[in-house]
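Open the model in your viewer and keep the selection panel at hand. Each stop below says what to pick and what is there.

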Amino acid sequence: MISNKAKKQIDAWVVKYPEGHQSSAVMEALKLVQAENDNRLTPDTIQAVADYLDMPGIAAAEVATFYENYNHKPVGKHTIRFCHNISCMLNGSDELITYLENKLGVKTGEVTKDGLINVKKVECLGACVGAPMFQIGDQYYENLTADKIDEIVDGLK
Amino acid sequence: MADIEIEIDGNIVNAKAGEMLIAVTDREGISVPRFCYHKKLSIAANCRMCLVDVEGAPKPQPACSTPIADGMKIHTQNEKAKASQKAVMEFLLINHPLDCPICDQGGECELQDVAMDYGSDVSRFTEGKRIVVDSDIGALIQTDMTRCIHCTRCVRFGVEIAGIMEMGGTGRGEDMKIEPFLSEGIQSELSGNMIDVCPVGALTSKPFRYELRSWQMNAVSNIARHDLVGSNIYTQTYKGKVKRIVAKDNDSVNETWISDRDRFSYEGLSHVNRLLTPQIKVEGTWKEVEWNVALDFAIRGLANNVFNTHQSDKLGALASNTATLEEFYLLQKILREVGSENIDHRLNVKDLDHAISLESNIKLAGLEGIDHALVIGSNLRLEQPMISHRLRKANLSGASIDVINAMAFDFNYRLNSENIISPSQTAATLAGVLKSVLQNTNIEVPDYLAQIEVSDITTQLAEKLSQSDNSVIVLGEHIINNPQASSIANLVGEIAQYSNSTTLNVSATANSMAANMAGFVPGKDGLDVNAMLTADLKAYILLDVYPQYDFHHSIQAVEALSNDDTFVISLNSFKDDIVSEYSDVLLPIASFYETSGSHVNIEGKIQSFAAAVNAPSDAKPAWKVLKVLADLLELPGFHYADSAQVTSEVMHQSHKQHTHDESIDVKVKRDVNIIWQKSPYAVDVLSRHAASLQATKIGQINSASMNKATAKKLEVAQNDEYLGVPVDINEAVSNNCVFVNANHSTEAQS
């Protein structure tokens, strides 16, 4: 469930912490394991990480369910992380999220039939100056409008 | 202890610098509301209910996590404190369903009580409330997690006390849920304490669900008799039935915790298998009769078989280890008055000529202060949960723990070393340890140790014991049927003496300490249990004995008791087919919590208890039955008005010791050894009849574990049956050893 490559990378994180505190590497470990398992975590993979770091499964699950950057449902090739916090909301993010949902024919949290895209509402990404905004991969897209969304989303492959 | 002075609500209070404020207010009897604070758990300060006003601090401070300092002025009741507490209360109630009318916690709920004092009568919250879908966490604990206020007491209990983190807080913000992972159910042997620590109705007792309100029940202080601790409990009763058991605080015994076995075994009391009426066997058929008829029949049977022919030495008495101190005492007194010394309670010991004899000389609370322990032959966590808990506490504060076992078990603390050693090599290993200890202290090594080899392992074990100031050696149940049991115990005694360690003998459980104190052991000319079984006795008096569970030599026992010319009087709390087959009289007796009496714990502490309820139907407390039996036999000295008079008589007599073998045999014999253990929830007749306990993972333990090599030798495979128990091939078991954890009869045991 955890590849040897990932294990090596986890080990590199473990040594950064004092001996006996290997569980501190859980966030990186979850990230690495998620990356090689269709970009999502399942109870089994979480348990595998916990076992590898010699910590209780529930303790790893606490971390995995706390942070936004871990997925627990199937995701598309591209995840559109749409900010819905105050600046974006005041600038119309709610209407744009609905527009995007209608355009893709899915609700937030669901994946399009072709497995290409899913939409996730996230908390503030620190780009209030360009609200409303979303993130795809490492790229921020700011000052969104319906037309701009069409252009960006239609360009995703 | 008065280090500093602080002022609370205008009163000067003495306290220790650095104590948490809430500990001081609790001691002074000043009420500060709280949910997440628990005196035996770490401080979380996440419920914010205990906010108080500290002069000089800009904001109200949580009393549970505010260390006090000299001259501090604290207000727990002023406007600022009250306003903060009321505000927190309002937030806590926002997502609470307020379903008190259908909640089992109603009437004993900390949230309900605090809401009465600090809550508002009208809610300003008009939005939708949060709902949490429940998960099934096993047979013992009912969850209603919508009621949870996220105090995390259950989470901290798991991490800090049970030693297994089973509950956790997943998600965050409004979506946070307290739940176990992978819904396998809660596994801990102490899990029921989560019910006690939960301040709301999120975790409640499953067997007790929708039964009663707490105010409808009577709480009677009682003592649990399942292990060597004698945990203090409250038996809560309603209309003559025990409905629930909760822990009672006693820091020197069980602190605030009790094991699940102590908490849930009461369910067995109302099992349909209870023996309810006296019965006599006339020409092979059972007849229900009045007590006086049954007792007359019993007396006549004894007269015919024993007294009239002047062979009192052909009478034997056997009792299970769960009897009370008074029952043990009265039964042995009857036997000794009529001239028989055939008395024994060590039914599960294979070879009584080589039985364990080792004193315990450390207090339960003292176990917390040790700096090293050597545990030999015990799965302590499941066998003596509260003793294991004390060792865990010692371990967490730095004590090292070494283990010598025949199989690797789950310990909930880190071991310094775990030595998996064949039963046949245990004595030799300990001899090596003794030799190392003697060499360390420059004491001459006796001849019998000359041939013993000192290995790295024995040297390390010995060094740890010698170097520690306060070490204890724990001798466990798995040793009782080791062919070299007495040698092992004697070696432990020697090692303890020369390494200046204390000893803790947990090899016999339940109320076995009481049996020894009451003199329920064979006298000088008496027979022990195994000798009785081959001595063709003419009559027996048996106290709550179930041969297929209690005897090591169960087949011989049933044969001996079934002899046509042997008259058997059985005092039993439960019906049992085999007992019915060999008995001539069945006298129904009270079970746990239905009789007054005493438990003697491992410290030798006598803890007396009253009956919480009457025994069902015609069943009577065994001490009364034995007293009447003595009266009918016209024996002198049985004028007791209550069981307390018996207790004081026991305390004033000298204890009878059974003789023991002082030799030490350290030879290694290479044959397969069987360690036969009753599984943790099958140790006594009451636990065996408690449905919810039996439905847990621990309750279903039933396997004969052995490694591949042993299985090959015995020609068995996985899931075959060995001695009537499913085989589990497990490399955690040492070589040449079968470790049986059986929850049923030992029918095929040799």
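The tour runs from the whole of one chain to a pocket, a sheet and a set of salt bridges. Keep in mind that this is a predicted model.

**Stop 1: chain B as a whole**

Select chain B and show it as a cartoon. The chain has 23 helices and 31 strands. Its C-alpha atoms fill a box of roughly 90 × 70 × 55 Å along the principal axes. Is the chain as compact as a globule of its length, or is it extended? A compact globule of 750 residues would have a radius of gyration near 27 Å, and chain B has 28 Å, so the two agree. Now colour by accessibility. Buried residues account for 60% of the 750 residues in chain B.

**Stop 2: the largest pocket**

Select B:Gly163, B:Ile164, B:Met165, B:Phe411 and B:Asn412, and centre the view on them. Of the 49 residues lining the largest pocket, these five lie nearest its centre. The space inside comes to about 1,800 Å³.

Which elements give two or more residues to this lining? Chain A supplies α3 (43–52) and α4 (57–66). From chain B come α4 (153–162), α9 (380–383), α10 (385–396), β28 (703–706) and β31 (737–742). Show both chains here, since elements of each are on that list.

Next, colour the lining by residue class. You should count 21 nonpolar, 16 polar and 12 charged residues.

**Stop 3: a five-stranded sheet**

Stay with β28 and β31 of chain B, which you have just met in the pocket lining. Both belong to an open sheet of 5 strands in chain B, ordered β27-β31-β28-β30-β29, with mixed pairing. Which strands stand at the edges? They are β27 (673–678) and β29 (721–722) of chain B. Each has a single partner strand, so one side of each is left without a neighbour in the sheet.

Zoom in on β27(B) and β31(B). The two run parallel and are joined by 6 bridges. To find one of the contacts, select B:Gln677; its bridge partner in β31(B) is B:Asn741.

**Stop 4: salt bridges**

Show the charged side chains. Over all chains, the count is 36 salt bridges. Three pairs in chain B are worth a look.

Start with B:Glu19 and B:Arg27, whose side chains meet in a salt bridge at 2.7 Å, N to O. B:Glu19 counts as buried, at 16% relative accessibility. B:Arg27 is partly exposed, at 41%.

Move to B:Glu594 and B:Arg274. Their closest N and O atoms are 2.8 Å apart in a salt bridge. This pair links distant parts of the chain, 320 residues apart. B:Glu594 sits in the loop between β24 (585–588) and β25 (597–600), and B:Arg274 in the loop between α6 (260–264) and β13 (279–282), both loops of chain B. Are these partners buried or exposed? B:Glu594 is buried, with a relative accessible area of 5%, and B:Arg274 is buried at 2%.

Finish with B:Glu368 and B:Lys393, a salt bridge of 3.1 Å, N to O. B:Glu368 lies in the loop between β16 (343–344) and β17 (372–376) of chain B, while B:Lys393 is in helix α10 of chain B, 25 residues apart. B:Glu368 is partly exposed, at 26% relative accessibility, and B:Lys393 is partly exposed, also at 26%. Add B:Lys40, B:Asp251, B:Glu255 and B:Arg390 to the selection. Salt bridges that share partners join these residues with B:Glu368 and B:Lys393 into one network.

Technical notes
Residues are numbered from 1 along each chain as its sequence is written. Chains are lettered from A and ligands numbered from 1 in the order in which they are written. This is a predicted model: local features need pLDDT of at least 70, side-chain atom pairs count only at pLDDT 80 or more; totals for chains, interfaces and linings use all residues. Side-chain values use heavy atoms; hydrogens and water are left out. On a 1 Å grid over the protein atoms alone, a cavity is a set of points where a 1.4 Å probe fits but cannot get out, and a pocket is an open set with protein on both sides within 12 Å along at least five of seven lines; lining residues have an atom within 4 Å of a point. Grid points are joined across faces, edges and corners, and a volume is the space filled by probe spheres set on the points. Helices (H or I, at least four residues) and strands (E, at least two) are DSSP runs, numbered from the N terminus. Ala, Val, Leu, Ile, Met, Phe, Trp, Tyr, Cys and Pro count as nonpolar, Asp, Glu, Lys and Arg as charged, and the others, Gly among them, as polar. Two strands pair if DSSP finds at least two bridges between them. A salt bridge is a side-chain nitrogen of Lys or Arg within 4 Å of a carboxyl oxygen of Asp or Glu. Buried means under 20% relative accessible area, exposed over 50%, partly exposed in between (1.4 Å probe, protein chains only). The radius of gyration is taken over C-alpha atoms; the globule rule is 2.2 Å times the number of residues to the power 0.38.
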